[in-house]
Structures are given as structure tokens and as C-alpha cells.
Amino acid sequence: MIGIVNYGAGNIFSLTSALSRLGITYGMINSEEEFDQYSHIIIPGVGHAGAAMDKLNKSGLVDKIRSLTKPVLGICVGMQLLTDHSEEGDATLTNIIPLQTKLFDKELGIKIPHMGWNNVEIKNNLLFEGVENQTQFYFVHSYFIEYNPIFGIATADYGLKYSAAVQKENFYGVQFHPEKSGAAGERLLLNFSNLK
Amino acid sequence: MLSKRIIPCLDVKDGRTVKGVNFVDLKDAGDPVELAWQYAQQGADELVFLDITATYERRKTMIEMVKSVARQLNIPFTIGGGITEIADAEALLNAGADKISINSAAVKNPQLIADLAEVFGRQFVVVAVDTKLVEGRNMVHLNGGRLITELETEKWIKQAEDLGAGEILLTSMDHDGTKQGFDCNLLQTISQMINIPVIASGGAGAIDHFTEVFTTTGVDAALAASVFHFGEIPIPVLKNELKKHNIPVRL
């Protein structure tokens with residue numbers, strides 16, 4: 001059963017709808033104790049990374065999240081929260097994965113936000129099992145996590161190559177929105193729910 | 001590579017999808033939730049629901065319809081019509097909308113764009129602009145083209161971007177309903193002028209029109225209604241044709 005960290009950062013109706021369509025049960029996590037009720041944890045998030053981190057800090061759940069050994073998936077801003085720092089609001093984040101979240105550079109001739117369906121270059125990883133390389137996922141974001149060969153499990157190209165998905169031990173993050181990425185996104189959520 | 005998006009637009013009135021020719025003479029084209037699901041199956045990249053009577057009749061968009069759509073749909077969708085304040089947008093966000101589109105409310109109160117971007121992030125805020133050529137100038141119109149404003153389209157769009165719009169949905173009222181093609185000149189001008197995505201709207205009647213707008217302008221997406229609703233252009237056929245012209249699409 002998936003526990004969704006309920007720290008007030010944006011809408012989760014689409015995420016819970018996707019889990020329901022997949023027959024994956026879920027519940028909301030509001031306190032440290034509630035983490036124990038779930039085998040898998042999702043950290044959602046939309047909007048401003050600095051503001052989201054403030055809310056996560058206020059929830060008092062950061063230390064507990066850092067200590068988790070069960071599979072954790074951060075989605076979009078939820079993924080960025082796993083990194084060390086974001087240029088959005090010059091925010092210090094959880095530093096669970098030692099990477100930087102940066103603003104896209106419009107000098108690269110790209111429109112910001114990066115909005116729409118983009119191809120994802122996938123490394124062999126259980127999270128993407130059954131998903132073909134170069135499958136498109138739905139992205140909408142202005143800040144990105146730098147490419148890193150150690151923690152990167154998927155990359156996307158938008159002006160530059162950056163991290164579409166990362167993993168460090170039991171912590172996973174995806175920059176795109178699996179709940180909005182059609183059949184491939186649903187497969188990814190199912191894969192996550194099956195991670196040991 | 002980032003794909004060019006194909007966006008069916010579902011104009012909604014009283015919970016049913018309608019599409020007018022030049023916004024008059026409405027026809028019923030079905031149930032929005034079922035249509036939305038079908039479009040997702042066909043390969044639509046995104047959907048826009050516009051409550052076309054909302055502004056005129058001061059109605060709020062139906063939250064229940066948005067929830068029903070979000071429960072079924074696995075692609076993003078935008079809701080427009082009747083959004084005048086933060087609370088409207090928040091209710092739609094919580095019901096599962098990915099973006100909201102504002103038009104008249106932004107013209108009347110430009111600060112609304114900044115406020116929405118501040119609270120929800122600019123990626124949530126689409127500014128829809130209806131434009132018509134009047135004595136050689138592109139002028140912003142409201143209420144489905146019924147009302148001319150004093151705003152020049154180019155200046156207004158630039159201002160909307162500066163205030164925090166995350167995307168522009170530009171509808172040419174001169175082209176809308178004609179099925180004679182998009183207003184490529186204006187779309188190219190706008191697309192070059194701003195650094196946020198632009199959705200082309202108004203005038204789609206044939207596959208060639210989509211090819212034209214993606215090869216001659218920098219727009220990121222193209223929106224149409226009747227050609228999709230009545231099955232005149234099946235989305236898989238359209239996308240395959242675009243791909244033949246080396247336009248990046250999601251198949």
C-alpha cells in the first residue's frame with residue numbers, strides 16, 4: 001500500500017485517481033507514525049520548490065523521510081526536494097541525493113517552462129521495466145536537476161541533457177508526471193508499487 | 001525531443017460539448033467525459049475544456065465535471081471559462097485540472113495573472129487571447145469575439161508573459177470556424193516575441209493546416225475542435241502525417 005506524504009504542496013487528485021485506476025491502494029501520511037502503515041512512499045509536489053520545502057519542514061516529517069529504507073518516489077517538485085539545493089527561492093533541500101536543481105537557461109533558445117511530451121533515455125532500471133527506451137512522458141517545469149551519471153536512471157534533452165529520473169538506494173525521483181503520462185506513466189507507477 | 005502537441009478543445013455548455021461556427025450556431029457533439037477519454041485513447045496530447053458561456057452568463061465551471069474527467073483521463077487538461085479569482089482556480093486545481101485558462105478576467109484585472117502565478121506557479125496559468133484584425137491592427141476581443149478592447153494583441157501578450165503567464169492560447173477570431181487554416185503570420189510574430197509556449201487556435205480545417213502552422217511558425221501546440229469532434233481529422237492520421245514532415249510528435 002502506498003502512502004502519500006500530505007504536506008500541502010499542490011493537487012494530488014490526479015495522482016490518487018491514477019492509483020485507483022491501477023487498483024493500487026493508498027493512504028495519506030500526516031505524521032511520522034503513519035509511515036509505518038505503508039510499504040511504499042510517494043512525495044508529490046507542484047509549484048515552487050522553496051515554498052514546498054518550507055511546507056515539508058513545517059510538517060516535521062523531513063528527518064523521518066531521510067531515515068526511510070522502503071521505496072520512496074518523489075514526483076516533479078517532490079523529486080527536486082530530494083536534492084541538495086534549488087535555485088528556485090535559493091532553497092536548501094533535503095540533500096538525500098547530492099544534486100543541484102537549476103533554472104533552465106533561456107539563452108539556450110528554449111521556451112520556459114518545459115511543457116509537454118518529451119522523450120526519455122532510459123537506463124536499465126526496475127522503475128522503467130516494460131517501458132521502451134525513448135518513450136515520451138509529460139513534463140511541466142522550469143527548474144531541472146543536473147545530469148549525473150551516478151544517480152541518473154533516465155535523462156531528457158531540453159536545451160541540455162538533464163535528469164528525468166534519479167535513484168539513490170531506495171529513493172527515486174521522476175521529473176515528469178507519471179499520472180499524466182498515459183499508459184507509460186501508469187506502468188511506471190505500477191512498477192514503483194512492485195519494488196521490493 | 002519535445003513534441004508538438006495536438007490539443008482537441010471541448011467547448012462545454014450545460015455539461016455537453018458544443019462547437020460553434022464563429023461562435024454562433026452551436027452544435028451538440030457529445031458528452032465531455034466520454035469524448036475526453038476517447039481523445040486520450042486516440043493519442044491527443046492534452047485537452048482543453050472551455051465553458052464558452054461562462055463569461056457571458058457569469059457561471060462557474062462545473063467542478064464535478066472536472067473531477068469526472070480527472071478520474072478517467074491519463075493526460076493533462078486545462079479548464080477555462082468563468083475563472084475570476086484565486087478561489088476559482090484553487091477549486092479546479094483540487095478537482096484535478098492541470099492548468100487553468102483565463103481570458104476576460106485577465107484583461108479586466110491583469111494582476112490576476114501575477115496572483116495566480118504566485119500562488120500556483122506560472123505553469124498553471126494559461127492566458128487565452130482572442131484576436132481580430134481591426135483596421136490593420138490586431139486587437140484583443142472579449143466574450144467570444146463580441147466585445148473589442150483597446151488592447152493591441154502583441155502588447156497584451158507581452159504584458160501577460162511579464163506578469164507570469166505560463167502559456168498563451170491565441171485564437172484568431174478571423175480564422176476561427178472558417179476551416180481555412182491558422183493565422184500563421186501572427187502566430188509566428190507572437191511565438192518569436194515571447195519565451196513561453198504558444199498554442200495556435202482558430203482555422204484548422206485540414207491536415208495541411210497543422211503541417212503549415214508547425215513548419216512555418218514556432219508554436220508549440222495546435223488546438224482545434226470541430227475537425228476532431230466530427231471525426232473529419234482522426235488524430236492518429238494527423239500525427240503520422242506530421243511525422244512525415246519531420247515534425248516531432250508523440251505516437
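This report walks through the contact between chains A and B, one glutamine at that contact, some backbone details and the aromatic pairs. The model is a predicted one.

**The interface**

Let us start where the two chains meet. Chain A brings 27 residues into contact with 35 residues of chain B. The size of an interface is often given as the accessible area lost when the parts come together. Here chain A and chain B bury about 2500 Å² between them, and 54% of that area is on carbon and sulfur atoms. Three residues, Lys111(A), Met115(A) and Trp117(A), supply 30% of the area that chain A buries against chain B, more than any other three residues.

On the polar side, there are 16 residue pairs in polar contact between chain A and chain B, counting pairs with both residues at pLDDT 80 or more. The salt bridges between the two chains number 2. In a salt bridge, the side chain of Lys111(A) meets that of Asp220(B), at 2.9 Å from N to O. Which elements of chain A contribute to this side? At least two residues each come from α1 (13–21), β8, β10 (136–141) and α5 (182–194) of chain A. The largest share, 6 residues, belongs to β8(A). Sorted by character, the residues of chain A that touch chain B divide into 10 nonpolar, 11 polar and 6 charged.

**Gln123(B) and its neighbours**

A friendly place to zoom in is Gln123(B), in the loop between α6 (111–120) and β7 (125–134) of chain B. Is Gln123(B) buried or exposed? With a relative accessible area of 18%, Gln123(B) falls under the 20% limit and so counts as buried. A polar atom of its side chain lies 3.0 Å from the backbone oxygen of Phe120(B). Leaving out residues up to four places away in sequence, Gln123(B) touches Gly47(A), Pro113(A), Met115(A), Val140(A) and Lys99(B). Of these, Met115(A) is also one of the three residues named above for buried area.

Pro113(A) deserves a look of its own. A cis peptide bond joins Ile112(A) to Pro113(A), with omega about 5 degrees. Pro113(A) sits in the loop between β7 (100–103) and β8 (114–119) of chain A.

**Positive phi in chain A**

Two residues that are not glycine have a positive phi, and both are found in loops of chain A.

| Residue | Phi | Loop of chain A | Relative accessible area |
|---|---|---|---|
| Asp90(A) | near 45 degrees | between β5 (85–86) and β6 (91–92) | 58%, exposed |
| Asn95(A) | about 55 degrees | between β6 and β7 | 38%, partly exposed |

**Aromatic pairs**

A pair of aromatic rings is described by the distance of the centres and the angle of the planes. Over all chains, the structure holds 15 aromatic pairs. Phe104(A) and Tyr162(A) form an edge-to-face pair, 5.5 Å centre to centre with 85 degrees between the planes. Phe104(A) lies in the loop between β7 and β8 of chain A and Tyr162(A) in strand β13 (residues 161–168), so the pair ties together parts that are 58 residues apart in sequence. Both residues, Phe104(A) and Tyr162(A), are buried. They also belong to one aromatic cluster, together with Phe128(A), Phe137(A), Phe139(A), Phe144(A), Tyr158(A) and Phe176(A).

In chain B, the ring centres of Phe120(B) and Phe124(B) are 5.1 Å apart and their planes stand at 55 degrees, so this pair is tilted. Phe120(B) and Phe124(B) are buried. Phe120(B) is also the residue whose backbone oxygen lies 3.0 Å from a polar side-chain atom of Gln123(B).

Terms used
Residues are numbered from 1 along each chain as its sequence is written. Chains are lettered from A and ligands numbered from 1 in the order in which they are written. This is a predicted model: local features need pLDDT of at least 70, side-chain atom pairs count only at pLDDT 80 or more; totals for chains, interfaces and linings use all residues. Side-chain values use heavy atoms; hydrogens and water are left out. Helices (H or I, at least four residues) and strands (E, at least two) are DSSP runs, numbered from the N terminus. Buried means under 20% relative accessible area, exposed over 50%, partly exposed in between (1.4 Å probe, protein chains only). A polar contact is a pair of N or O atoms within 3.5 Å; within protein, one must be able to donate a hydrogen and the other to accept it, and residues adjacent in sequence count only if both atoms are side-chain atoms. Contact means heavy atoms within 4.5 Å. Buried area is the accessible area (1.4 Å probe) that two parts lose on being put together, summed over both. A salt bridge is a side-chain nitrogen of Lys or Arg within 4 Å of a carboxyl oxygen of Asp or Glu. Ala, Val, Leu, Ile, Met, Phe, Trp, Tyr, Cys and Pro count as nonpolar, Asp, Glu, Lys and Arg as charged, and the others, Gly among them, as polar. Rings of Phe, Tyr and Trp (its six-membered ring) pair if their centres lie within 6.5 Å; planes under 30 degrees apart count as stacked, over 60 as edge-to-face and the rest as tilted.
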